[in-house]
There are 2 protein chains.
Amino acid sequence: MSLEERKEILRFPKATFERLKSYHALLTQLLLEEKREYVLSEEIAEMLRITPEQVRKDFSYLRSTGKPKLGYKVSELLDELDELFGTRETENIIIIGAGHLGKALANYKGFKNIGARVAAIFDNDPQKIGTMVGELMILPLKDIPRVMRRFRVRIAAICVPESAAQEVADMLVGYGIRAIWNFSSRILDVPNDVIVRNEDITRGLLGIKHMLAQESTEASKQVEIR
Amino acid sequence: MSLEERKEILRFPKATFERLKSYHALLTQLLLEEKREYVLSEEIAEMLRITPEQVRKDFSYLRSTGKPKLGYKVSELLDELDELFGTRETENIIIIGAGHLGKALANYKGFKNIGARVAAIFDNDPQKIGTMVGELMILPLKDIPRVMRRFRVRIAAICVPESAAQEVADMLVGYGIRAIWNFSSRILDVPNDVIVRNEDITRGLLGIKHMLAQESTEASKQVEIR
DNA sequence: GCTTATTCGTGAAAAATCTCACGTTATTTT
DNA sequence: AAAATAACGTGAGATTTTTCACGAATAAGC
């Protein structure tokens, strides 16, 4: 049974899985804000700037099914995605670095929507240690192993300056962390069995700049195309 | 000539372009931190967790070429990527929202590496207006059009709470913004000719959770596979 | 209840991407 | 200077992903 469940996770195209995250976010929004009951593949497509066919194909890998003329039932789809993403089981994470970025992350309210909770935030600045960020007290780095054990922490977010990121990563690996959520732009060198997810900001901007550049190129084509 | 240059941009596979951003970050790091002269496709591959073949294939779309036994010349490759990404021309951006996230972004030192500069940061909280974030003074929202005109701003980063994100987006669109860099987890509804890049944090975490779940599944297979 | 209009579901074709295998080439060694 | 070696470069094949086209299904209108 447990094996069956997990096989299910594996049978999506990787690209579909990526989009499922977007659908999850969008559907959460539709349900909470608009209290929408049904949604069309075409509406989803327009919001996410993909094609309706793509949306339907993606959903075809799920158990949920749509109704002609009405579309998909938002709550049903969301339930299935919640189950898929394990949103109901809460994962404790820790944040290393209590600068603006670390604090912003600690204050983020959306974690509960995806089954996560910030167990603690750490910094090595004596000035900061002991002060509060929301409901959390900033702790010294030496407390990391204790907190990791106590809350069964597997994921750590690195929010320290680039110059310290590798060092912090090494320390976390030493403590047996399973995944690093890296908010520094440093590309980290860690053992292969530790998951690394880079949240490097600059990549988004490079993408935008490129699209803007392309756009001005396209402009010259518009005469012919449109 | 200008057209030639731009055609060049268009002839990469999209997937390659995405990876070029990672190479850019990694090479910048190698040059600045380690002062490395040459780098092997295999080294790059290991750091980025892809295959050396993929790296070489990607580079084959560039003019730069590697040398057997030595690998690629870091500075040469980086020059070409800088040119490709337009890193030398500085793009002025504005930040809407001076909470922790907005401040973190405003303080980010890496923008110069990718040809960007924060022209101004805005908030609607009278308490915050007039106070400083690094070298920038927080301005009221009504100043946005003036700043946009003066600094030829095409890109705006939205760092406001989810509940205000759509409203801010509408306003920016009204002012003629060309691209929105969205740090809220709200999926925005804006005209199709406005570029939107979602930097929604939760997606990264969903990915990590999924990989952790997969990992424990894989564990049971390891007996057979390895 | 029958008809019509609309939207889903999905194989099959097309396109994009990745992997493989091996020839090529420059450095290093002898 | 020749041989050996290590790493690049790349076409061809395999795989993955997207698009297309159309049948199926169902809600709404008559």
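This is a short tour of how two protein chains sit against DNA strand D and against each other, in a model that is predicted.

**Stop 1: the surroundings of strand D.** Select DNA strand D and show the residues within 4 Å. There are 25 residues around strand D, and those that come nearest are Arg19(A), Ser41(B), Thr65(B), Gly66(B) and Tyr72(B). Colour this surface by residue type and you will find seven nonpolar, seven polar and 11 charged residues. Now look at the DNA side: of the strand D atoms within 4 Å of the protein, 63% belong to sugar or phosphate, and the rest to bases.

**Stop 2: three polar contacts from chain B.** Begin with Gly66(B), where a polar backbone atom is 2.7 Å from a phosphate oxygen of strand D. Move on to Arg56(B): one of its polar side-chain atoms lies 2.9 Å from a base nitrogen of strand D. Then pick Lys69(B), which places a polar side-chain atom 3.0 Å from a base oxygen of strand D.

**Stop 3: the helices by the DNA.** Next, highlight helix H2 (14-34) and helix H4 (52-59) of chain A, along with helix H4 (52-59) of chain B; these are the elements that give two or more residues to the surface near strand D. Which element gives the most to that surface? H4(A) does, with four residues.

**Stop 4: the two copies.** Finally, show chains A and B together. A turn of 180° with a shift of 0.0 Å along the axis lays chain B on chain A with an RMSD of 0.0 Å. The copies are therefore related as by a two-fold rotation axis. To find that axis, select His100(B), the residue of chain B that comes closest to it, at 2.5 Å (C-alpha). The same surface serves both copies, as 100% of the contact residues of chain B recur in chain A.

Methods:
Residues numbered from 1 in each chain as written. Chains lettered and ligands numbered in written order. Predicted model: local features only at pLDDT ≥ 70, side-chain atom pairs only at ≥ 80, totals over all residues. Heavy atoms only, no water. Polar contact = N/O pair within 3.5 Å; in protein donor to acceptor, adjacent residues only side chain to side chain. Nonpolar A, V, L, I, M, F, W, Y, C, P; charged D, E, K, R; others polar. Least-squares fit on C-alpha atoms with pLDDT ≥ 70 in both. Contact = heavy atoms within 4.5 Å.
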